[in-house]
Amino acid sequence: MEKVYERLRAAAGLQSGDGAVRVVAEYEPLGGPGAPVFPPTVKAKATDAAGYLVEPRWVDGQQTDVVLLDQRQSQANRCETALLTAIESGQLFVPHLALSTQAAGVDVRVTSLEAPHRSRDAYFRDAVDAEDRPFDKTEAGAGLQAASTRDVRSYLRWVPSDLVYGVWDSHRKRRIQVKIPRAYSSEMVGVAPLAGKRAAGRMDPLNLPGEVVQVTSSGWQFTEGAKKTKDKSQAKLSELGHGMIPPSEGAGGVVVKAVQRTATLSMAQLAGLRFGDASSEFCAAGRALVGALALLGDRLAFAAPAIRLRSGCDLVLVSERIEWVGRGTDGRPVTEPLELASAEQARALFEVAVARAEVAGLEWPKKPVELQPAPGLQEAIRRSVAVTGIGEAESE
């Protein structure tokens, strides 16, 4: 891993011919070629109905439709979840923020590896430390608040994953908001999709009547002769999870020619990370550390032989190549294999990168920044967790 680290360190400063690391993988459905897979559903603008994201692309030199199976944000979240799992199991440590509380007898914990806006999320803006200081007044919070695109040392120290997956400080009022682009990007698509259909309904073993009932916080009751109106206190019994729902036509997934994942680690983005007046040694080691963390997240999330994107979309890894992508000749980039197929190899590279960064002067905390909700946020969490009555049943 020392040789891989040295190459990554040079590439992360654009001091070599390497411009990126690229992962190209192919999967097939668990049921084999031709089995349907289910993409994420979105609301189509034209019909206001559920549909899939399909767009034309060039595949092997031919214009071909592809369906989005997992978008960049979702793939980044999978990497973050994999990192958090490794942290919580004691396999490694990556600095992060953690907000913990209890509400309505339920333990609640949100980390910067889970929050939508990462370390800049409103969960942490509205949090306090053990001494009841607002997060932005703590050492970590003040450091992140003072950071800029010219100096991201605080991000590297307290929340380095933000430098991998990107962050935007959009929840605080300031004229110049810190916005750091992602260095790592990944996406999964299905090639040449053929749309399927399915009939979705609900069977009730007791065939309860589908009549209108009056709903209160304590339950519901029949109202003789009642008809459904816009009154929110009324509902059909089927809306509350009882009764029959006749089968109706719905989106039934897609059959695709191939499932492809493409991930990249941009050396240009790593080279653009600036660390104020830090030494050149610190800057080089810091950029390499961010790159090693990105590769670790990818391997933890995607090195397994199979992956589940969602219900109905379980995939088996068929082939994968990880490669350095360098300055091209004769109209094509130069590629060379990167031996980093397993999570164990990526973890070894990460450990080398951490050690080298610490020698260069990086001080990493040994545990997460622990926070708790401010009173207003605590009440909002309580209201979210507490059971307040009967809700409408949602379809799958």
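Partly exposed residues have a relative accessible area between the buried range, under 20%, and the exposed range, over 50%. The structure shown in these close-ups is a predicted model.

**View A. The Arg153–Asp277 salt bridge.** Arg153 is partly exposed because its relative accessible area is 27%. Its partner, Asp277, has a relative accessible area of 69% and is therefore exposed. The two side chains meet in a salt bridge, 3.0 Å from N to O. Arg153 belongs to helix α5 (residues 153–158). Asp277 sits in the loop between α7 (267–271) and α8. The pair links distant parts of the chain, 124 residues apart.

**View B. The Arg310–Asp70 salt bridge.** Arg310 pairs with Asp70, and the closest N and O atoms are 3.3 Å apart. Arg310 is in strand β18 (residues 306–310) and Asp70 is in strand β5 (residues 62–70), so the salt bridge ties together parts that are 240 residues apart in sequence. Both Arg310 and Asp70 are buried.

**View C. The Arg118–Glu80 salt bridge.** Here the closest N and O atoms of Arg118 and Glu80 are 2.7 Å apart. Arg118 lies in the loop between β7 (106–111) and α3 (122–125), while Glu80 lies in helix α2 (residues 72–88), so the pair ties together parts that are 38 residues apart in sequence. Arg118 and Glu80 are both buried. Side chains of opposite charge can pair when their charged atoms come close.

**View D. A salt-bridge network.** Glu55, Arg57, Arg72 and Glu187 are joined into one network by salt bridges that share partners. The structure holds 28 salt bridges.

**View E. Arg299 in helix α8.** Arg299 is found in helix α8 (residues 280–302). The helix has 23 residues. From its first C-alpha to its last, α8 reaches 33 Å, close to the 33 Å expected at 1.5 Å a residue. The helix is mostly covered, with 20 of its 23 residues buried. Arg299 counts as buried because its relative accessibility is 2%. The side chain of Arg299 makes a polar contact with the side chain of Asp298, at 2.8 Å. Beyond residues up to four places away in sequence, Arg299 touches Val23, Arg261, Glu320, Ile322, Leu340, Ala341, Ser342, Ala343 and Ala346.

**View F. A nonpolar surface patch.** Trp220, Phe222 and Ile390 form this patch on the surface. Together they have about 260 Å² of accessible area. Trp220 is placed in strand β14 (residues 219–222). With a relative accessibility of 32%, Trp220 counts as partly exposed.

**View G. Positive phi at Asp132 and Asp330.** Most residues other than glycine have a negative phi. Asp132 has a positive phi, near 70 degrees. Its place is in the loop between β8 (127–128) and α4 (139–146). Asp132 counts as exposed, at 54% relative accessibility. Asp330 also has a positive phi, near 55 degrees. This residue is in the loop between β19 (313–329) and β20 (332–337). At 80% relative accessibility, Asp330 counts as exposed.

Terms used:
Residues numbered from 1 in each chain as written. Heavy atoms only, no water. Patch = residues over 30% accessible without salt bridge, like charges linked within 9 Å, V, L, I, M, F, W, Y side chains within 5 Å. Areas by Shrake-Rupley, 256 points an atom, 1.4 Å probe, with all protein chains shown as cover. Salt bridge = Lys/Arg side-chain N within 4 Å of Asp/Glu carboxyl O. Helix = DSSP H or I, 4+ residues; strand = E, 2+ residues; numbered from the N terminus. Buried < 20%, exposed > 50% of the residue type's maximum accessible area, 1.4 Å probe, protein only. Polar contact = N/O pair within 3.5 Å; in protein donor to acceptor, adjacent residues only side chain to side chain. Contact = heavy atoms within 4.5 Å. Expected span 1.5 Å × (residues − 1).
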